[in-house]
Amino acid sequence: MTETAAETRAESAAADDRVRKMTENYRHCEQLLRQHDRDRWLACMFAPAALRPRLHALYAFSLEVARVRETVSDPMPGEIRMQWWVDAIEGEARGDVRGHPVAAALIDTIRAFSLPRTAFTDLVEARRFDLYDEPMADEKELETYCGRTASALFRLASIILAEGGEPGGADAAGYAGGAYALTGLLRSFPWLAARGQIYVPAEMLERHGVTPAAALVRPAKPGLIAALAELRGLARRRHGEALAALPAVAPKARAALAPLACAPLYLAAMERPDYQPFSSRIDAPQWRRQWAIWRFSRKYR
């Protein structure tokens with residue numbers, strides 16, 4: 001065998017190894033999503049099979065950043081981890097990003113579709129808020145947070161499903177993110193309150209006669225119950241606005257908004273007479289969530 005032939009075989013083997021490793025990275029993202037973000041995992045089933053791994057990478061990234069608070073004992077290590085993600089996205093990470101399965105799959109997806117890196121770094125910056133126990137000041141701050149997190153994900157998923165093209169319907173992604181994020185924060189109220197966090201805007205709470213500090217104390221104050229109801233109303237409005245704006249989204253990209261189909265199930269559960277903010281577990285059977293996503297996909301495909 002000539003030296004050139006040996007080099008060619010070595011290069012081919014190295015390329016095969018890179019492909020195999022990247023396949024494992026995407027598989028890791030899917031497993032992470034299936035375990036910790038079931039609704040988005042279910043919604044991915046209604047996207048083209050070839051693009052599902054890309055969506056898994058996108059959502060796994062969001063999940064990893066969202067869980068930073070859970071993995072640190074105080075804000076400083078969390079800030080360091082957030083900065084690692086910013087550096088990884090911007091191509092300035094000191095460590096070997098390729099060794100992190102989610103980061104490697106994400107960077108591969110960003111490059112494949114020329115996704116705007118600022119959308120990812122903005123999401124990380126928004127999530128820095130999670131590291132602290134300060135309340136949201138007002139509704140505008142809360143909606144900005146929702147926009148830079150959940151809305152950005154809907155928009156990026158739409159671009160992936162449009163295979164890097166313009167999917168249209170930026171307003172639909174914005175409204176959908178508001179509805180989806182607000183619903184998620186409302187569902188998480190017991191867990192967030194237990195660790196001293198509250199995402200109900202201070203201005204909204206005070207309008208109903210309760211301070212952020214008092215809102216975290218059991219039993220639930222009437223003002224807190226009223227503020228949560230107002231927040232659910234806002235989530236429902238954003239949901240309706242998202243559906244109204246959906247026709248502007250390219251048909252092939254509409255599956256990106258499929259996770260939104262689960263929001264009404266959770267909002268309805270929180271509107272029952274027996275709802276208790278600090279103790280009610282807000283969930284829905286998987287078959288109902290899957291049915292809702294299927295109906296959404298059939299109606300808007």
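Me: How do the residues of the lining of the second largest cavity divide into nonpolar, polar and charged?
Reply: Nine are nonpolar, none is polar and one is charged. Ala, Val, Leu, Ile, Met, Phe, Trp, Tyr, Cys and Pro count as nonpolar, Asp, Glu, Lys and Arg as charged, and the others, Gly among them, as polar. The lining consists of Arg40, Ala43, Cys44, Ala47, Leu55, Tyr59, Leu161, Ala255, Ala256 and Pro259, so Arg40 is the charged one.

A word on the source: this is a predicted model, where local features need pLDDT of at least 70, side-chain atom pairs count only at pLDDT 80 or more, and totals for chains, interfaces and linings use all residues. Residues are numbered from 1 along each chain as its sequence is written, and side-chain values use heavy atoms, with hydrogens and water left out.

Me: Which element gives the most to the lining of the second largest cavity?
Reply: That is α2, with three residues; α2 (38-44) and α3 (52-66) each supply at least two. Helices here are DSSP runs (H or I, at least four residues; strands are E, at least two), numbered from the N terminus.

Me: What volume does the second largest cavity have?
Reply: About 40 Å³, while the largest holds about 60 Å³. On a 1 Å grid over the protein atoms alone, a cavity is a set of points where a 1.4 Å probe fits but cannot get out; a pocket is an open set with protein on both sides within 12 Å along at least five of seven lines, and lining residues have an atom within 4 Å of a point. Points are joined across faces, edges and corners, and the volume is the space filled by probe spheres set on them.

Me: Which residues line the largest cavity?
Reply: Leu185, Leu186, Phe189, Leu192, Gln197, Ile198, Tyr199, Val200, Leu228 and Leu231 do. Nine of them are nonpolar, one is polar and none is charged. α9 (170-187), α10 (189-194) and α13 (222-245) each supply at least two.

Me: Why is α9 called roughly antiparallel to α13?
Reply: Their axes come within 8 Å and cross at roughly 150 degrees. That angle makes α9 roughly antiparallel to α13, because angles over 145 count as such (under 35 is roughly parallel, 65 to 115 roughly perpendicular, the rest oblique).

Me: How much space lies in the largest pocket?
Reply: About 1200 Å³. Of its 38 lining residues, the closest to the centre are His36, Gly184, Arg187, Ser188 and Trp191. The largest share of the lining, six residues, comes from α9.

Terms used: Axes fitted to C-alpha atoms, helices over the stretch in contact; angles between N-to-C directions.
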